Every structure is written in structure tokens, then in C-alpha cells.
Amino acid sequence: MPLWREIAQSLEQRIRSRELVPGDKLPTEYELSRQFMVNRHTVRRALSDLQEKGIVESTQGRGSFVRRPTRPAQLKRRPRFTEGVRNGGREPATKIIKLEVRPADTRIAAALELKIGAPIIFMERHRFVDGEPTALGIHHFSFERFPTFIEMYKVRGTITQTLRDSGVPDYTRRRTAISARLPTPQESELLRIPRHVPLMVHRYLNVDGLGRPLEFGESRSTNEVEIVFPEPGRDGGGF
């Protein structure tokens, strides 16, 4: 077996056994060359093999990091995170970071068609799939329209069920704007990603069955984006 392949298999085994987890930095080329008693060219060949497999991500000057396995996030009219993850045979989980009432700023008021300063429900959440952090989300709703949202959400556990029990049986996405930027130190820590890995930022507006603004939100993740154009009359859950 070529030496570079032996190094690649050793590192891959450490990753598969979760000795090294997504976001962890691999030993440096110098450290690996000392450990396996090979030259750096051999180490680079091993790291290149792991990068081609999508297991690690290497950046000049920063080193190599364990990459989190991801599936493309599908953009659809009906965003249903929990249902979509479970339909894919995986287990979703959500942790509330902040849930409170605050005044609407200019951008949020315009999106939800409210007066500036009107009370809104602000919720920030941390999302997980199979125990791995995958996204950070921010959600805004009109407090006047959903005065019991906070108490209901704490019991129901999902936005979809909370809205259903609040008299909104269905909602769809009217628009999504996508951009990319580097993570903040806090985002890097919560999502377990290196500071040089860009985040995909989705800012969106959901509307109810009558087309009225329902939710203005933002999602930050490292997922690739896949846009699916369903056949007429067919639509499903997505990101």
C-alpha cells in the first residue's frame, strides 16, 4: 500500500470513529510527516485524497479541517424542516437560543407590513440533524397577531404546529434571498466550522393562505443550495 494511502486511511478512520469531529483541525503537515516518518509531499497527497472525497477541507495558510457531511438544501414553496429531515431517515432537533418580544425595526416592519416599533416575536434557534449542528435560524412574527405564540411554541416544539394551532393551517414561501459571508466567532463555535468556511445566508418571507405576510426570517448554514422546480400541483417540504 502506498504510504500516502496509509496516512489517508488512518486519518479517515479517526474521523469515522469520531476521534476527530466536524470542525476539528487536523495535525499539520509537519506533525503528520513526523508521525508517519514521510516527507511533506506524501502527506499532501494523503490530504488531497481526503479532500477529493469531501471528508476534509484544506485552505492554504490555515490548514485542514474535518468537513461536515451535508446534503443540498432544497428550496421549495413549503418549508418544513422537521418533516423534511425525518422523511430523509434522519433525526432533527432544535434548541432555542432566544425567544422574546421586542419592537420591530424598519426592515422587519416593512416585511411584515407593521408599523415601526410594533411588538414582534423574535426567536433564534439552533438546528441539529443526527446530533450535528447544521443551521442557525432567526424568526419574526407579529405579536399582535400571535399574542400566545411564545407559550404555545414551548409546548408544541415546532413553528408549523404552533401556527396550525393558532389558526394558520398552511403557509408558503413567497421569496428567498441568498448570500454568502464568513461566520462570526459565535457562529463558528455554534456550528463547529472554521472561520474561513463561508455561510449560506437565506433571508425569506413566508405568507399564509391568503397571501398575507406571516414570518420574516433568516437561516445561516453551510449547506449547498438545490433549487427544485416541482411539477404543477406537486410540492413538498424543504429547507
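Leaving out neighbours within four places in sequence, Thr 134 is in contact with Arg 127, Phe 128, Val 129, Leu 191, Arg 220, Ser 221 and Thr 222. This threonine sits in strand β7, which covers residues 132–142. Its relative accessible area is 15%, so Thr 134 counts as buried, the cut-off being under 20%. All of this comes from a predicted model, and the confidence scores are worth a look before going further. The chain averages a pLDDT of 88, with 92% of the residues scoring at least 70. Helix α5 (residues 106–112) comes out highest, at 97, while strand β12 (residues 237–238) is the low point, with a mean of just 46.

As for the nonpolar interior, the largest core has 17 residues, and Ile 7, Leu 11 and Leu 26 make the most contacts inside it. Three helices each give two or more residues to this core: α1 (3–16), α2 (29–36) and α3 (40–52). Of these, α1 supplies the largest share, with five residues. Setting aside residues up to four places away in sequence, Ile 7 touches Phe 36, Val 38, Thr 42, Val 43 and Ala 46. There is also a second, separate core, this one of 13 residues, with Met 123, Tyr 153, Leu 163 and Leu 214 among them. In soluble globular proteins, nonpolar side chains tend to be buried together.

Some nonpolar side chains are found on the outside, though. Ile 178, Val 225 and Ile 227 make up a nonpolar surface patch, with a combined accessible area of about 230 Å². Within this trio, Ile 227 belongs to strand β11, residues 225–227.

Terms used
Residues numbered from 1 in each chain as written. Predicted model: local features only at pLDDT ≥ 70, side-chain atom pairs only at ≥ 80, totals over all residues. Heavy atoms only, no water. Core = buried A, V, L, I, M, F, W, Y, C linked by side-chain atoms within 4.5 Å. Buried < 20%, exposed > 50% of the residue type's maximum accessible area, 1.4 Å probe, protein only. Helix = DSSP H or I, 4+ residues; strand = E, 2+ residues; numbered from the N terminus. Contact = heavy atoms within 4.5 Å. pLDDT = per-residue confidence, 0-100. Patch = residues over 30% accessible without salt bridge, like charges linked within 9 Å, V, L, I, M, F, W, Y side chains within 5 Å. Areas by Shrake-Rupley, 256 points an atom, 1.4 Å probe, with all protein chains shown as cover. Salt bridge = Lys/Arg side-chain N within 4 Å of Asp/Glu carboxyl O.
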